[in-house]
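Here is a walk through this structure, taken one step at a time. Keep the view open and follow along.

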Amino acid sequence: MTPGSPTADPHPIHEAEDPHLAKKKFLHDAAEHVRDTGHRAFVRKALGGYYASRDTQKARYRDWEQARDAASLAKWSAVNRLDELLPQFVANFEANGGKVHWARTAEEARDIILGLLRAAKAKAVIKSKCMTSEEIHLNAAMEADGYGVVESDLGEFIQQLRGEPPYHFVFPCMHVRREEISDLFGKHLGTAPTDSPEELTMIARRHMRRLYIDADVGITGANFLVAETGQISITENEGNARLTAALPRMHISISGIEKVVANLDDLAVLLPMLATAGAGQPMTCYNTLYAGPRKPGECDGPEEMHLVLIDNQRTAILADPEQRDSLHCIRCGACLNVCPIFKNVGGFTYGTTYQGPIGSVITPHLRGLADWNHLSGASSLCGACTDACPVRIDIHHHLLHNRRNAAKTAPNRWEKLGHRLFVMVASRPWLFAAGGAAFRHTLWLMKKLRPPLLRDWLATRDLPAAPRASFRSQWRARS
Amino acid sequence: MSVSTSTTSSARDTILGRIREALRMPAPLPHMKSHAAEESATGGPKGLTILPADVARPWLPDGGDTPEERLALLTENLGKLRAEVHRVADTAAAAALLAGIAHDRGWRKVAWHGHPATEPLAAAVGCEAHRVDGTAFDKNALEACDAGITACDAAVAQTGSILVSSGHCGGRALSILPHVHVVIVSLDQIVATLGDALDLVRSRYAGRLPSMLSFITGPSRTGDIERILVLGAHGPKELIVILVG
């Protein structure tokens, strides 16, 4: 372990140990979180600046909606030609001098990476933000094997020190207050307290510089795999991914198979849209294309570059034409930022690698619909997510599709009974009228009697006035 | 290594097999807002719809139609990104300007790479100048430098981005490790859009891509603490762009 590097185990403590408890945990955490009005106000405030800058940047597009068409078509045509583009990408990537490894599952991916670390006799590993590595629980596996690993992205570093997974897959520590970060750095790095975000950032900067230089292996994610050229595109703001891929002698990149795009022209659309939708920027600070390890004539760079391509249930989503477009996701996080559920229940409540609306769509595919269907209900179906998505994924309809699929595979007996009763009543006008009359009278009676069971509730509220006659008879009287 | 080649090759065959199987069922086209996209979409390979490269360009942010517009837009965007922009007439003036900056800010050591655009600046900078290429690369020496001076491949008016490559701009670390990045842009390197810059990459490097190409859009930044913008997260705190011409 590198001196001064965090010892916290970033194992997903917020994930339910037993998947059957996922729903219980969700309901429990959601109820807790919703009561924490201070936290909710803090998260809303943190997102306030995002809305303003996103709208400013969107206005710079000559036609944002048509640009979304182009972006969605670019991803659509790539995902639907994956059988052709993925081999093309791999051939070009290897022609550039990189080595590709294929992993069907999270376990295979971890084994491949641990094997590479062993072969490289790695002592210190530096990592830049990579959600796919969170998905496969890489850090815990590396630490179990005795490798020290440091997250270099500021937000991820803070989360690593806190022993928590990311709260939001783009803004990992947006829920943490600066005082907490100051205390955290004081405890782990021995720095003096400060309430300045700038000074806190500089503490992490100073701490990390030595670690980039001393690391043997750098691990990064990938935002796009360009089939035309075999390049890997990595988007970041801080420069930590650039350093991670520049100084260590081995560069390992981890990517889902769905990240392929056909060519550089598609990047010219997707890179600015990712930045605008995700963080309200014209472009993210560094958008870097890697084509293999150091080339002859170049003065620096790694000697080896490896890419681990991960399936981990993505082909199962691909096999569902209805929801195939959820593989178009470019992980900008826009749907989280606008989601009323995310803002109220918070990132940890989901218990998933990918939070928010898109996480609610894909997690049941990645981990099983039976245990994760409750996420399909974590939506008001307002459609804000679908509206925000730069690649036009039909997010809120997919939540409905998942509900339908879950009902098909594991029907809820009570729900079924309820619907059957409704059909019985609604298809018999006399019964419907009788039911309405019964309800009107009950309401009138409740208002009159104020039964003890309702007294607390009625102390601050009033029941609506019971109408004298049914709607249907009022309508008849009118015409 | 614990994973034998046969395991990964069978993993490859399994994954590619699953993909082929999955794609036998076609997916509906995405819901599109504009008829423009639908009308310009043409049958691509395998009869699948793709959008020709130039169709989306008029929908993205403007890149300027004339060299004057592009220069104005680039300067404006760099300013918004909190980069420092200077315009000088020629390389000699650039060298004098940089010597002044180095003196004012008390730089003790700068790093540079061998290139006609950077050499006169390194020669005149007035402090120790460490050349990163030519001899064995020394990351500790580079880390000790106050600034890295590089050439660029292109500058993008549309976004205020500077394109650097490992092949022509001193490798991977020079533009990211020192606290200040000084980049020399000659006016004829300014292009309108990202698409134009990527076209340039295609024509300049076809078949022999540099191992790294990076669009740098302002000094390094983060908003990870309470979403408050801080410059200089891990990369350069300052980006000094010297426009020559």
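Start in chain B, with strand S7 (residues 154–156): 2 bridges tie S7(B) to S10(B), and the two strands run parallel. If you want one pair to look for, B:Val156 sits opposite B:Val191 in S10(B). Lying against this part of the sheet is helix H7 (residues 194–205) of chain B, which touches S7, strand S8 (161–165), S10 and S11 of chain B. The direction of helix H7 of chain B makes about 160° with that of S7(B). Bear in mind as you look that this is a predicted model.

Now zoom out to the whole sheet. It is an open one with 8 strands, and reading across you pass S8(A)-S5(A)-S6(A)-S9(A)-S11(B)-S8(B)-S7(B)-S10(B), with mixed pairing. At the edges stand strand S8 (260–261) of chain A and strand S10 (190–191) of chain B; each has a single partner strand, so one side of each has no neighbour in the sheet.

Where does chain A hand over to chain B in that order? Look at S9(A) and S11(B), which follow one another in the sheet. Strand S9 (residues 286–290) of chain A and strand S11 (residues 212–216) of chain B run antiparallel and are joined by 5 bridges. One pair to pick out is A:Tyr286, whose bridge partner in S11(B) is B:Ile216.

The two chains meet through many residues: the contact takes 98 from chain A and 88 from chain B. On the chain A side, the element that gives the most is helix H3 (residues 64–79), with 10 residues. What is that side of chain A made of? Its residues divide into 48 nonpolar, 22 polar and 28 charged.

Chain A also has a sheet of its own. This open sheet has 6 strands in the order S1-S10-S7-S4-S2-S3, and the pairing is parallel. Strand S1 (99–103) and strand S3 (148–151) of chain A are at the edges with a single partner strand each, so one side of each is left without a neighbour in the sheet. On average, and ignoring direction, neighbouring strands here are turned by 20° against each other. For a look inside the sheet, take strand S4 (residues 217–220) and strand S7 (residues 250–256) of chain A, which pair in the parallel sense over 4 bridges. There, A:Thr220 stands opposite A:Ser253 in S7(A).

Next come two helices further along chain A. The axes of helix H16 (residues 356–367) and helix H19 (residues 395–409) of chain A come within 9 Å and cross at roughly 35°, and the crossing is left-handed. Which residues meet there? From H16(A) come A:Pro357, A:Ile358, A:Ser360, A:Val361 and A:Pro364, and they meet A:Ile395, A:His398, A:Leu399 and A:Asn402 in H19(A). By class, that contact has 6 nonpolar, 3 polar and no charged residues.

Finally, step back to the domains. In chain A, the domain assignment gives domain 1 (19–315) and domain 2 (413–478), and their centres, taken over C-alpha atoms, are separated by 54 Å. For chain B, the assignment gives domain 1 (8–59) and domain 2 (67–244), with C-alpha centres 37 Å apart.

And how does the prediction score? The model has ipTM 0.95 and pTM 0.91. In chain B the mean pLDDT is 92, with 91% of residues at 70 or more. Where pLDDT is low, the predicted coordinates should not be read in detail.

Key:
Residues are numbered from 1 along each chain as its sequence is written. Chains are lettered from A and ligands numbered from 1 in the order in which they are written. This is a predicted model: local features need pLDDT of at least 70, side-chain atom pairs count only at pLDDT 80 or more; totals for chains, interfaces and linings use all residues. Axes are lines fitted to C-alpha atoms, for helices over the stretch in contact, and angles run from 0 to 180 degrees between N-to-C directions. A crossing is left-handed if the near helix is turned anticlockwise from the far one by less than a right angle, and right-handed if clockwise. Two residues are in contact if their C-beta atoms, placed from the backbone, lie within 7 Å. Ala, Val, Leu, Ile, Met, Phe, Trp, Tyr, Cys and Pro count as nonpolar, Asp, Glu, Lys and Arg as charged, and the others, Gly among them, as polar. Two strands pair if DSSP finds at least two bridges between them. Domain bounds come from an automatic or database domain assignment. pLDDT is the predictor's confidence in each residue, from 0 to 100.
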